[in-house]
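Could you walk me through this protein, step by step? I am new to structures and would like the terms explained along the way.

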Amino acid sequence: SAGSEAFRTLRTTLAFSPHETERLVVSSSEPGDGKTTVIANLAVSFAQVGKKVLLIDADLRRPGLSKLLALKGENGLAETLTAEREVAQLADQFLYETDVDGLDVIPCGLRRANPAELLAGSRFSDLLAWAEANYDQILIDSPPVLVATDAQIIGRQVDGAVLVVDSEKNHRRLVVRGVESFSSLDINLIGIVANRVRSDTSADY
């Protein structure tokens with residue numbers, strides 16, 4: 001389908017990027033732009049070419065990815081970041097396999113009152129180090145960049161960020177603000193994914 005081909009194109013673009021793209025945070029300007037759907041399908045696309053992929057739901061405010069994968073309410077990231085045991089032990093414990101070979105998920109876990117502080121702590125850095133040692137591709141879902149600082153906090157710890165834009169509803173000024181929120185902190189914005197772009201069904205390609 002055209003949708004599947006779009007994610008293959010995105011996967012290829014990231015694979016041949018001049019920048020490191022093994023650890024990426026995916027965000028959007030506003031809620032409802034489709035970032036969770038994009039990151040889930042991108043993860044499947046990477047797994048289909050033999051990559052070992054880890055999806056982390058770091059949206060501790062509105063965990064759409066955990067809900068999408070029917071893992072809402074399961075222990076996961078929040079428990080890993082607040083427990084006293086070693087991160088590697090907890091990561092294995094809260095890891096969920098999917099129906100796609102090579103694709104694993106760490107859900108968000110139960111909500112906490114201080115998500116930004118948890119993501120800025122050393123335990124999240126330890127989790128990323130563990131993931132990098134065990135997976136080829138790490139994709140992290142975060143809240144919209146104009147709603148919370150979580151995406152910038154994660155962006156400072158990974159290779160770069162991808163911004164999902166809803167071409168039908170996002171105003172240009174909000175997209176620009178989203179881009180600037182990353183660039184102002186020297187976070188590498190790998191690129192923008194234009195979501196819900198209307199295609200010309202009469203064209204051959």
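Below, a reader asks and the author answers.

Reader: What kind of model is this, and how are residues numbered?
Author: This is a predicted model, where local features need pLDDT of at least 70, side-chain atom pairs count only at pLDDT 80 or more, and totals for chains, interfaces and linings use all residues. Side-chain values use heavy atoms, leaving out hydrogens and water, and residues are numbered from 1 along each chain as its sequence is written.

Reader: Happy to start with the overall picture! How many helices and strands does the protein have, and what is its radius of gyration?
Author: Helices (H or I, at least four residues) and strands (E, at least two) are DSSP runs, numbered from the N terminus; the protein has 9 helices and 7 strands. The globule rule (2.2 Å times the number of residues to the power 0.38, for a radius taken over C-alpha atoms) gives 17 Å for 205 residues, so the protein is as compact as a globular protein of that length, with a radius of gyration of 16 Å.

Reader: What share of the residues is buried?
Author: Buried means under 20% relative accessible area, exposed means over 50%, and partly exposed is in between (1.4 Å probe, protein chains only). Among the 205 residues of the protein, the buried share is 49%.

Reader: Which residue of helix α7 forms a salt bridge with R23?
Author: A salt bridge is a side-chain nitrogen of Lys or Arg within 4 Å of a carboxyl oxygen of Asp or Glu, and the structure holds 9 of them. R23 lies in strand β1 and its partner in helix α7, so the pair ties together parts that are 109 residues apart in sequence. R23 is buried at 15% relative accessible area, while the partner is partly exposed at 47%. With an N to O distance of 3.8 Å, the partner is E132.

Reader: Are D141 and K35, which share a salt bridge, buried or exposed?
Author: Their closest N and O atoms are 2.9 Å apart. D141 is in strand β5 and K35 in helix α2, 106 residues apart, so this pair, too, links distant parts of the chain. As for cover, D141 and K35 are both buried.

Reader: Which residue pairs with D150 in a salt bridge?
Author: D150 is in helix α8, and its partner sits in the loop between β2 and α3, 89 residues away. D150 is buried at 0%, whereas the partner is partly exposed at 33%. The closest N and O atoms are 2.8 Å apart, and the partner is R61.

Reader: D104 is buried, so which side chain of opposite charge is nearest, and which side chain makes a polar contact with D104?
Author: D104 lies in strand β4. Lys and Arg count as positive and Asp and Glu as negative, with His and the chain ends not counted; D104 has no salt bridge, and the nearest opposite charge, K52, is 5.6 Å away. A polar contact is a pair of N or O atoms within 3.5 Å; within protein, one must be able to donate a hydrogen and the other to accept it, and residues adjacent in sequence count only if both atoms are side-chain atoms. At 2.6 Å, the side chain joined to D104 in this way is that of Y135.

Reader: What is unusual about the phi of A70, and where does A70 lie?
Author: Most residues other than glycine have a negative phi. A70, though not a glycine, has a positive phi of about 60 degrees. A70 is exposed at 67% relative accessibility, and its place is the loop between α3 and α4.
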